[in-house]
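Colleague: Before I use these labels in my own work, I would like to hear the reasoning behind them. Could you take me through it, setting each value against its cut-off?

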Amino acid sequence: GLLCVALGGREDINKPPHIRTSTAADKSRSISHFLEAEDKMENAFAPISEACVKALSDKTYDKRKVAALEIEKMVTDFKMKKNMTQIKRIIDVLSRDFVRSNDANKKKGGLIALAATSIALGKDTEKFIEDIVNPIMNCLIDNDNRVRFFASESLYNVVKVARGAVLPFFPSVFNALSRLVTDPDQTIKNGSEILDRLLKDIVIESSQTFDLDAFIPLVRERIMVKSSFARQFIISWISVLNAVPEINMVVFLPEILHGLFQILEDPLPEIQRMCESLLAQFLKIIKLDPSAADIPTMTNVLIVQAQSSNPLIQFYAITWIKEFVQLSGGEILCFASGIFTAILPCLAFESDAKKNIKDCANAVNLHLLELISSGEDKQKNLSYLDLNSVMEVLRQYLVHSPVPTKIAVLKWVHHLFTEVHDEMSEHANKLFPVLLRDCLSDSSDEVVLQAIVVLAEIVNSATVKGNDFDQTQYRQFLVELLNLFSENNTFLEKRGTLIIRQLCRLLNAEYIYRTFAEILLEERINLKIASTMVRTLNMILLTTSDLFDLRNMLHDIRNEKSASLFECLYKCWAHCPVSTLSLCLLAQCYQHVSEIVTLFADIEITVDFLVEIDKMVQLIESPIFASLRLALISHSNDNADAQHLSRALYGILMLLPQTEAFHLLNNRLKCVPNYWSQPNKISSKSTNESQCNIKFDELFTYFKYVQDLHHQKRVEKRKKNQF
């Protein structure tokens with residue numbers, strides 16, 4: 001074409017000037033435009049040659065590699081000549097026309113060429129690091145597997161050369177790596193591992209200048225992912241940095257602790273072991289220098305993790321809590337309510353698989369108890385305790401919780417009443433209904449007994465110590481207890497004895513019996529409950545070793561205090577004739593016993609009555625009534641008591657059918673002297689009754705009155721049943 005243009009120019013040389021000029025100018029402009037366009041095409045990739053451009057775009061790797069080596073040589077030459085402008089142009093061309101191209105082959109060629117450029121630049125890569133790294137990073141998310149592979153390979157080569165110069169781009173590189181480790185292509189994963197190791201080495205080298213504040217948000221953002229590969233990647237980074245002496249990862253631990261505990265639930269045992277090892281390293285560092293750790297913030301995280309359904313997470317969380325309790329001392333009591341929420345349910349674990357969790361929770365519980373009890377630091381420790389929140393949590397766990405949890409809670413409540421009585425007094429009213437309605441009705445005897453311990457402590461702590469019996473707290477408590485018995489007769493039969501015996505051990509037995517009697521005296525509606533309650537109280541009185549002192553008091557009614565108690569009990573015991581009889585036998589009122597037995601002829605003899613008589617005969621043979629048996633042969637009081645007692649027992653014998661109890665009493669009476677031949681020698685002034693101030697006539701009248709009430713009630717019930 002150029003040749004044709006030249007010849008045409010020479011042929012027009014003899015034409016008129018104006019014509020020749022016009023034609024030459026037109027042709028000149030046309031050639032100029034053509035050459036300019038051609039030059040622009042050549043200059044678009046300059047200083048990269050057309051052949052090199054073509055090779056970089058080839059579909060075969062070998063040709064692309066040869067082209068990349070040519071570019072590496074070019075960059076090396078420009079570097080020697082310090083022609084940074086041309087190097088910048090090469091990088092721009094590779095980035096714009098190759099790496100950012102839609103053609104996959106061009107992308108691959110551009111990526112290899114950028115890596116070659118960086119290799120040629122060496123340390124000078126730092127001057128172009130942003131222009132080199134950013135295009136490569138974009139290709140790491142390409143849809144084409146091979147493009148992603150070459151991008152990761154290219155990035156590795158750049159990072160290997162640039163080393164510390166790449167750290168300003170660490171967040172971007174770290175983000176890219178976190179994606180590559182989860183790539184579905186195994187070759188890309190393998191490549192990412194090599195790049196990962198290299199990047200870690202660089203960070204360790206630059207540990208003093210590494211920006212941890214920028215790194216931690218990256219970890220926090222990715223630590224909750226579910227991918228095992230991503231979790232392994234995160235753990236490995238944290239472990240590496242934690243092992244660097246110049247880096248204090250414990251400072252940032254509160255931000256990532258939750259995520260670390262979540263990694264423990266990974267299905268791969270290898271990931272679990274890595275996480276366990278990392279947590280152990282952190283805990284070791286904290287134990288060496290607790291002041292360097294933010295224990296309060298981490299405690300809140302641990303409380304949440306300790307409630308996980310995953311046993312491994314739960315175990316490690318409670319293990320950390322145990323260590324924090326020991327390290328922090330009383331200050332940890334700020335979190336007592338939360339810690340209770342975490343550990344109390346664990347105390348009920350029974351399976352072998354969770355035994356280690358239960359043991360650890362028990363250890364935490366004991367440590368906390370010690371903090372409340374410790375002598376010197378007690379007041380200081382208590383200042384950290386938020387009693388309101390603690391009691392709210394404890395109260396919740398008293399309902400619908402397993403037995404071991406309830407017992408632990410009850411022991412805590414008792415401990416708090418013992419140690420901080422004044423502060424706990426305001427919580428007594430809220431505790432009472434739960435203790436009475438839920439704990440005393442529990443199927444476990446251990447829970448019931450422990451609940452009574454707490455109730456007794458509340459009653460005792462609220463009672464004014466003194467000799468007077470004006471104890472309103474006792475009465476209020478026992479009224480509530482009787483109401484509970486009244487609402488559920490089965491509960492009284494199953495739990496009544498256990499509860500009352502425990503109360504008598506812990507509280508003043510005399511006060512308990514006297515108060516029960518006074519309350520029951522007012523019972524005029526449910527006579528059946530009154531009689532059942534009296535039978536229960538009477539059986540406990542006659543059989544429990546803890547009531548030895550109370551029985552001794554009733555033995556001597558000549559004492560004014562004993563007489564007062566006897567009268568109070570007698571009026572209540574009148575609801576049950578056999579119980580009244582046994583009370584009088586205990587108090588050695590044998591003349592009155594004889595009168596009551598005589599009255600039995602006029603009382604309706606029921607099956608229940610005979611059963612009670614049978615039990616009483618059995619009790620006469622027990623050690624408690626040893627004094628009664630000796631009284632049968634005693635010559636004191638001119639034999640008056642012995643004769644009244646003998647006649648009373650013969651009367652009881654006559655009431656009994658010929659059962660085992662009949663033969664038992666009959667055999668006993670055969671050993672007794674015959675007093676029937678001397679009836680006129682009994683002196684009423686010689687009996688025990690005559691030596692006290694009790695008005696037995698009035699008591700006898702009251703007894704008959706109460707029995708009439710019971711008879712009327714039975715008659716009404718029969719009439720009602722008929723209709």
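Modeller: Helix 9 passes helix 11 in a right-handed crossing, and this, like everything that follows, is read from a predicted model.

Colleague: What makes helix 9 and helix 11 roughly parallel to each other?

Modeller: The two helices, the second of which covers residues 212–222, pack at an angle of about 20 degrees, with their axes 10 Å apart. Angles under 35 degrees count as roughly parallel, and helix 9 and helix 11 are therefore described in that way.

Colleague: Which residues meet where helix 9 and helix 11 pack?

Modeller: From helix 9 there are Phe170, Pro171, Phe174, Asn175 and Ser178, and they meet Phe215, Leu218 and Arg222 of helix 11.

Colleague: Why is Met137 called buried?

Modeller: Met137, which lies in helix 7 (residues 129–139), has a relative accessibility of 10%; buried means under 20%, so Met137 counts as buried. Setting aside neighbours within four places in sequence, Met137 is in contact with Leu155, Ser172, Val173 and Ala176. With Ala176, the separation is 39 residues in sequence and 7.1 Å in space, taken from C-alpha to C-alpha.

Colleague: How do you know that Asp183 forms a salt bridge with Arg148?

Modeller: The closest N and O atoms of Asp183 and Arg148 are 2.8 Å apart, and the rule asks for a side-chain nitrogen of Lys or Arg within 4 Å of a carboxyl oxygen of Asp or Glu, so the pair qualifies. This pair links distant parts of the chain, since Asp183 sits in the loop between helix 9 (170–180) and helix 10 while Arg148 belongs to helix 8 (residues 145–162), 35 residues apart. Both partners are buried by the under 20% cut-off, because Asp183 has a relative accessibility of 6% and Arg148 a relative accessible area of 8%.

Colleague: What makes Glu510 buried but Lys561 partly exposed?

Modeller: Glu510 and Lys561 form a salt bridge whose closest N and O atoms are 3.5 Å apart, and the pair joins helix 27 (residues 509–521), where Glu510 lies, to helix 30 (residues 560–573), where Lys561 lies, across 51 residues. The label for Glu510 is buried because its relative accessibility is 8%, whereas Lys561, at 47%, falls between the 20% and 50% limits and so is called partly exposed.

Colleague: Why is Arg558 called exposed, while Asp556 is called partly exposed?

Modeller: The side chains of Arg558 and Asp556 meet in a salt bridge, at 3.1 Å from N to O. Exposed means over 50%, so Arg558, with a relative accessible area of 54%, is exposed, whereas Asp556, at 30%, counts as partly exposed. Elsewhere, salt bridges that share partners join Lys88, Asp92 and Asp131 into one network, and by this rule the count comes to 30 salt bridges.

Colleague: What makes the link between the side chains of Lys200 and Ser236 a polar contact?

Modeller: The side chains of Lys200 and Ser236 come to 2.8 Å, and the rule accepts N or O atoms within 3.5 Å, provided that one can donate a hydrogen and the other accept it; the pair is therefore listed as a polar contact. Lys200 has its place in helix 10 (residues 186–205) and is buried, because its relative accessible area is 10%. Beyond neighbours within four places in sequence, Lys200 is in contact with Ser236, Trp237 and Val240.

Notes
Residues are numbered from 1 along each chain as its sequence is written. This is a predicted model: local features need pLDDT of at least 70, side-chain atom pairs count only at pLDDT 80 or more; totals for chains, interfaces and linings use all residues. Side-chain values use heavy atoms; hydrogens and water are left out. Helices (H or I, at least four residues) and strands (E, at least two) are DSSP runs, numbered from the N terminus. Buried means under 20% relative accessible area, exposed over 50%, partly exposed in between (1.4 Å probe, protein chains only). Contact means heavy atoms within 4.5 Å. Axes are lines fitted to C-alpha atoms, for helices over the stretch in contact, and angles run from 0 to 180 degrees between N-to-C directions. Angles under 35 degrees count as roughly parallel, over 145 as roughly antiparallel, 65 to 115 as roughly perpendicular and the rest as oblique. A crossing is left-handed if the near helix is turned anticlockwise from the far one by less than a right angle, and right-handed if clockwise.
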